[in-house]
Every structure is written in structure tokens, then in C-alpha cells.
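Open the model in a viewer and keep the sequence panel in sight. The stops below are given in the order in which to select them.

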Amino acid sequence: MAHSIKAVLFDKDGTLLDFDATWAKPQEQAAVFAANGDELLAKRLLVAGGMDTETRKTAAGSLFAAGNALEIAQAFLNEGAPHDLELLTSELDRIFLEGMQKARLLPGLETSLRQLQDAGLILGVASSDSEGSIAAFLNTTRVAALFSFIAGYDSGHGHKPGPGMVEGFARANQIPVHQIAVAGDNTHDLEMAENAGAGLKIGVLSGTGTAADLSPLADLILESCADLSDQVLVRP
């Protein structure tokens with residue numbers, strides 16, 4: 001496998017980004033805005049999105065873990081948020097984009113990413129967040145130069161778990177999809193990889209997904225993508 005994989009497409013949240021350390025505050029800001037400051041409604045919106053309001057942690061497979069701004073906005077409206085869908089989606093995108101100004105890379109990842117690039121692997125990011133938020137995250141964490149491709153829900157490749165982001169990455173870099181590894185912390189990442197015919201599906205436990213969630217879909221389970229270069233793809 002080390003010799004057949006030429007590129008790695010990473011999910012962002014929980015795979016590259018330290019999820020709870022980064023997202024709890026923007027999610028709370030989004031709920032407060034959507035609720036027009038109504039504390040009880042804001043709490044209900046957070047629960048609908050998948051946050052435990054006591055621990056401020058996000059559930060695996062929830063809207064906050066896997067959904068895009070449009071899907072979250074629609075769910076908020078369904079719960080009674082008094083807004084227009086287009087306006088709310090735009091505002092959520094703005095809040096989430098601002099949240100990336102304080103985003104944190106997971107421990108050990110920068111070293112691993114540089115090792116992968118040095119070994120000749122092409123790196124990309126595929127996220128349910130917006131393309132602008134992905135770019136802001138990579139710039140904030142100073143790893144943007146390591147990636148040749150980013151795709152968000154608004155980039156024209158479709159949404160996870162559809163195959164479009166993997167296929168777009170393959171086209172952009174002229175690589176067959178079977179030579180691409182996809183790494184993610186949620187089932188929709190691995191379903192996207194399967195639907196596209198990616199060569200390696202890697203589940204990581206650094207985000208909201210659990211081994212029980214990911215193992216049925218993954219070829220490999222890792223604690224973090226910090227382990228990726230020396231355990232899987234870069235070998236003597």
C-alpha cells in the first residue's frame with residue numbers, strides 16, 4: 001500500500017483540526033444569533049446541532065460534526081429559529097469563518113504533514129465547511145503551502161458522502177482515485193471514499209467518531225493522522 005498511494009485527501013474538522021477546542025465557541029455564537037438572543041432557544045438549537053451543552057462536546061455524526069452551514073441553518077429553522085434560510089446560512093458561514101482565526105491543528109500533525117509532502121505525496125482537504133473557512137484554517141495554522149487542493153461544500157464538487165470531492169482531487173492532480181487515501185473522523189468521510197473508489201480508507205479517532213462507528217467502513221484505524229506518515233504511507 002505504501003507504494004500505491006500517491007496522494008492523501010484529509011477531512012478537516014477532527015482530522016486536521018482540534019474539534020472541540022476550536023468549534024465550541026463558534027457553534028454557541030451561531031446558536032445565539034439564530035435564536036435572536038433567546039437563551040432557551042439557543043440551547044435547543046445547540047442540542048439539535050449535536051452539542052452536549054454541559055460538556056460542550058459534539059456528538060459523532062451530528063450536524064455540527066458532519067453538516068454544512070446550509071444544512072445547519074435549515075435544522076435551526078426547523079427548530080424555530082426566526083430567520084430567512086439564505087440570510088442565516090450566510091451568517092453561519094461568516095461565524096464559522098471567523099472561528100478559523102483561532103483554530104488549532106491537532107498535536108503532531110504539522111510534522112507528519114511535512115513528512116508526507118517530503119516523501120512526494122500530494123495533499124488535499126475535503127470538508128463540509130466552506131472553502132473560505134478551509135483556507136482560513138490552513139493559513140491560521142501555517143500549513144497552507146503543504147496542500148495543493150481544497151474543497152468545501154460550496155466548491156462545486158457536491159457534498160459528502162458523494163464522491164465528488166475525491167474525484168475533483170483526482171482530476172486536479174491527474175491521479176487515479178485508487179491511488180488516493182482518504183482520512184477522516186466521521187462515517188461520511190469514509191462513505192465518500194468508498195463511493196469514489198479511493199485506494200485506502202483511514203478512520204481516525206482524533207475527532208467525534210469512535211472505533212465502533214468507523215471500523216466497519218475503514219481499511220485502517222489510527223488514533224490520529226499524526227501517526228499516518230510513519231505507520232502507513234512512508235516506509236523504508
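Begin with the whole chain: of its 236 residues, 51% count as buried. The model is predicted. Colour by secondary structure, and 11 helices and 8 strands appear. The C-alpha trace spans about 60 × 35 × 35 Å along its principal axes. The radius of gyration is 17 Å, which agrees with the value near 18 Å that a compact globule of 236 residues would have. Of the contacts with a separation of 6 or more, 63% are accounted for by residues 24 or more positions apart.

Switch to a surface. About 10100 Å² of the chain is exposed, and carbon and sulfur atoms supply 50% of that area. If you colour by charge, there are 16 positive and 31 negative charges, and their mean positions lie 5 Å apart.

**Helices 1 and 2**

Select residues 19-34, which are helix 1, and 39-49, which are helix 2; Asn 36 is in the loop between them. Is Asn 36 buried or exposed? Its relative accessible area is 54%, so Asn 36 counts as exposed. Check its backbone as well: Asn 36 is not a glycine, yet its phi is positive, about 55°. For background, most residues other than glycine have a negative phi.

Move into helix 2 and pick Leu 45. The relative accessible area of Leu 45 is 0%, so this residue is buried. Which residues does Leu 45 touch, not counting those up to four places away in sequence? They are Ala 31, Ala 34, Ala 35, Phe 64, Phe 76, Glu 79 and Ala 81. For a distance label, use Leu 45 and Ala 35: they are 10 residues apart along the chain, and 7.8 Å separates their C-alpha atoms.

**Helix 6 and strand 4**

Next select residues 109-118, helix 6, and show the side chains of Leu 109, Ser 112, Leu 113 and Leu 116, which are buried. These four residues lie on the same side of helix 6, because they cover an arc of only 100° around its axis. After helix 6 comes Gly 120, with a positive phi near 95°.

Continue to strand 4 and stop at Gly 124. Gly 124 is buried, at a relative accessible area of 0%. Leaving aside neighbours within four places in sequence, Gly 124 is in contact with Val 8, Leu 9, Phe 10, Phe 147, Phe 149 and Phe 169. A second label can join Gly 124 to Gly 164, where 40 residues along the chain correspond to a C-alpha separation of 13 Å.

**Loops on either side of helix 7**

Strand 4 covers residues 122-126, and the loop between strand 4 and helix 7 holds Ser 130. Ser 130 has 6% relative accessibility and so counts as buried. What is Ser 130 in contact with, leaving aside its neighbours within four places in sequence? Show Asp 93, Gly 152, Tyr 153 and Asp 154 to see these contacts.

Helix 7 covers residues 131-140, and the loop between helix 7 and strand 5 contains Arg 142. Arg 142 is exposed, with a relative accessible area of 71%. Arg 142 is not a glycine, but its phi is positive, about 60°.

**A cis peptide bond**

Follow the chain past strand 5 (149-151) to the loop before helix 8 (164-173), where Pro 161 is found. Which form, cis or trans, does the peptide bond from Lys 160 to Pro 161 take? This bond is cis, with omega near 10°. Most peptide bonds, by contrast, are trans.

**Helices 9 and 11**

Select residues 187-196 for helix 9, where the buried residues are His 188, Asp 189, Leu 190, Met 192, Ala 193 and Ala 196. Gly 197 follows helix 9, and its phi is positive, near 80°.

The last stop is helix 11, residues 228-233, in which Leu 228 is found. With a relative accessibility of 0%, Leu 228 counts as buried. Draw a final label from Leu 228 to Ile 202: the two are 26 residues apart in sequence, and their C-alpha atoms are 9.2 Å apart.

Conventions
Residues numbered from 1 in each chain as written. Predicted model: local features only at pLDDT ≥ 70, side-chain atom pairs only at ≥ 80, totals over all residues. Heavy atoms only, no water. Helix = DSSP H or I, 4+ residues; strand = E, 2+ residues; numbered from the N terminus. Rg over C-alpha atoms; globule rule 2.2 N^0.38 Å. Buried < 20%, exposed > 50% of the residue type's maximum accessible area, 1.4 Å probe, protein only. Contact = heavy atoms within 4.5 Å. Areas by Shrake-Rupley, 256 points an atom, 1.4 Å probe, with all protein chains shown as cover. Lys, Arg positive; Asp, Glu negative; His and termini not counted. Charge placed at Lys NZ, Arg CZ, Asp CG, Glu CD. Arc of directions from axis to C-beta.
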